[in-house]
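Here are some notes to read alongside the model, for anyone meeting it for the first time. They go point by point, so keep the structure open as you read.

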Amino acid sequence: MRIPSDASFGSRLRSAAVTARVGLWLGICFGVCFATGLVSHYAQNAAHPVPFPASPAWGYRVTQGLHVVTGTAAVPLLLVKLWTVYPLLFRPPERGWRRLGVDLAERASIAVLVAAAVFQLATGLANSAQWYPWAFSFRSTHYAIAWVAVGALLLHVAVKLPVIRGALRADVDATAYDRPAATADGVLSRRGLLRATWLSAGVAVLATAGSTVPWLRQVSVLGVRSGDGPAGVPINKSAAAAGVTASATADDYLLTVADGDRSRTFTRADLLALPQASCTLPIACVEGWSASGVWTGVRVRDLLDLVGAPSGADVVVTSLQESGPYRTTRLHASFVEDDRTLLALSLAGEPLALDHGYPARIIAPNRPGVLQTKWVSRLEVAA
Ligand SMILES: Nc1nc2c(c(=O)[nH]1)N[C@H]1C(S)=C(S)[C@@H](COP(=O)(O)O)O[C@H]1N2
Ligand SMILES: [Mo]
């Protein structure tokens, strides 16, 4: 087999004029994805030096939706961008020690950028399909590599800035930044290629965004967990999968509310006899879907008042589930003190379905879905 040289790639479509235009949008997508990813990571942290706000209630739904939409749009953009530049891989190395050093450093930084970008998009997509063909922790790894990707991206933009500027200011058919070999007509025009690229990014978005945007449901063939489940809210983990079917339906179910050595227990009937509050709040899953529901139950603050708990403390929520990362979660004070934070007993006017967390679950505004703990057995003021 003959190794190609950069002269083997003659299409004038593989031009910096195309790369810079696709790269601009790819950079915007990565920027939005990074910022919204930081929000999501912070929201899930155990400690919040700066309180995470409970308002607006739909905030996390929007940032998480943007995260998945921009990540999805980035897939075709990255593929086209790589297609336009990969002949550069076969460019002969520079001569002279200094130039060779710079050349190798640039190639290494681009290798890091491409590897990190592909890793982020591949693991992100797999996560939104709830497919985990790996042994590492998704959240911490996706977070760490995000910094690598953004660092390498900033370096890349800084190095390429003169070319990017020049290419974006000139007409898309200009040849100033083309490789000498790239002169043959492509199968379509540069404008045609760009149009096809925007179209495929748009189709990728429409095919998945219906998992968070209700009126897109009909066209979202890939938005698999959209609109199904009791009361129109999808099920993430079922009671059977969590191993709580028996304990959640047992006659002797009790909720314990505790603050130090003061504690009280409640049956579900006791909870239903307390003053009830209703609010419309979304569940926004980190896996990319979200759905809104009308939840009714007892305000968490009212429950804490019944054991005389002071305001301003965090609360540890424990589920009947015996193991798993979401068995206990921390409800930070900013949520505890919010009137819309409920121990929900019903959804859409019906008793909570077993899979939605019967007998009782947490629902709070602007909170990641993973922290909306189901099958709650204990609320305890954190020490
Ligand atoms: N005890 C417990 N609560 C849980 C989970 C879980 O696995 N165990 N999954 C969480 C996740 S990831 C999401 S997105 C929401 C989904 O709630 P739903 O299934 O009622 O839509 O529940 C959360 N509550
Ligand atoms: Mo989730």
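Helices (H or I, at least four residues) and strands (E, at least two) are DSSP runs, numbered from the N terminus. With that in hand, Pro56 can be placed in the loop between H1 and H2.

1. **Overall picture.** Bear in mind that this is a predicted model. The protein chain has ten helices and ten strands. Its C-alpha trace spans about 80 × 45 × 40 Å along the principal axes. Of the 383 residues in the chain, 46% are buried.

2. **Helix H1.** This helix covers residues 16–44. How far apart should its ends be? The expected span for its 29 residues, at 1.5 Å a residue, is 42 Å, and the end C-alpha atoms are 40 Å apart, so the two agree. At the N-terminal end, Ser15 acts as a cap, with a side-chain oxygen 2.9 Å from the backbone nitrogen of Ala17.

3. **A nonpolar patch on the surface.** Leu24, Trp25, Ile28, Leu168 and Trp198 together make a nonpolar surface patch of about 450 Å². H1 gives the largest share of the patch, three residues. Trp198 belongs to helix H5, residues 190–209. Its relative accessible area is 34%, so Trp198 counts as partly exposed.

4. **What the UniProt record adds.** An unreviewed UniProt entry lists residues 22–44, 64–89, 110–129 and 141–159 under "transmembrane region". In the model, residues 22–44 are 100% helix and 0% strand, with end C-alpha atoms 33 Å apart. Residues 64–89 are 85% helix and 0% strand, and there the end C-alpha atoms are 36 Å apart. The unreviewed entry also lists residues 247–382 as "domain: Oxidoreductase molybdopterin-binding". That span is 14% helix and 40% strand, and its end C-alpha atoms lie 25 Å apart.

5. **Helix H2.** Residues 59–85 form H2, and Thr70 lies in it. Is Thr70 buried or exposed? Its relative accessibility is 10%, and the cut-off for buried is under 20%, so Thr70 counts as buried. A polar atom of the Thr70 side chain lies 2.6 Å from the backbone oxygen of Leu66. Val85 is in H2 too, but Val85 is partly exposed, with a relative accessible area of 25%.

6. **Far in sequence, close by in space.** Which partners are worth a look here? Val85 and Arg14 are 71 residues apart in sequence, yet their C-alpha atoms are 6.4 Å apart. Ala209 and Gly288 are 79 residues apart in sequence, with 8.5 Å between their C-alpha atoms. Ala209 sits in H5 and, at 5% relative accessibility, counts as buried.

7. **Cis peptide bonds.** Look at the bond from Ser55 to Pro56: this peptide bond is cis, with omega near -5 degrees. The peptide bond from Tyr358 to Pro359 is also cis, with omega near 10 degrees. Pro359 is in the loop between strand E8 (350–351) and strand E9 (361–363).

8. **Positive phi in one loop.** Asn366 is in the loop between E9 and strand E10 (376–381), and Trp375 is found in the loop between E9 and E10 as well. Phi of Asn366 is near 55 degrees, a positive value in a residue other than glycine. For Trp375, phi is near 55 degrees too, and this residue is again not glycine. Asn366 is buried, at a relative accessible area of 5%, and Trp375 counts as buried at 2%.

Notes:
Residues numbered from 1 in each chain as written. Chains lettered and ligands numbered in written order. Predicted model: local features only at pLDDT ≥ 70, side-chain atom pairs only at ≥ 80, totals over all residues. Heavy atoms only, no water. Patch = residues over 30% accessible without salt bridge, like charges linked within 9 Å, V, L, I, M, F, W, Y side chains within 5 Å. Areas by Shrake-Rupley, 256 points an atom, 1.4 Å probe, with all protein chains shown as cover. Salt bridge = Lys/Arg side-chain N within 4 Å of Asp/Glu carboxyl O. Buried < 20%, exposed > 50% of the residue type's maximum accessible area, 1.4 Å probe, protein only. UniProt positions renumbered as here; feature names shortened; annotations may be inferred. Expected span 1.5 Å × (residues − 1). Polar contact = N/O pair within 3.5 Å; in protein donor to acceptor, adjacent residues only side chain to side chain.
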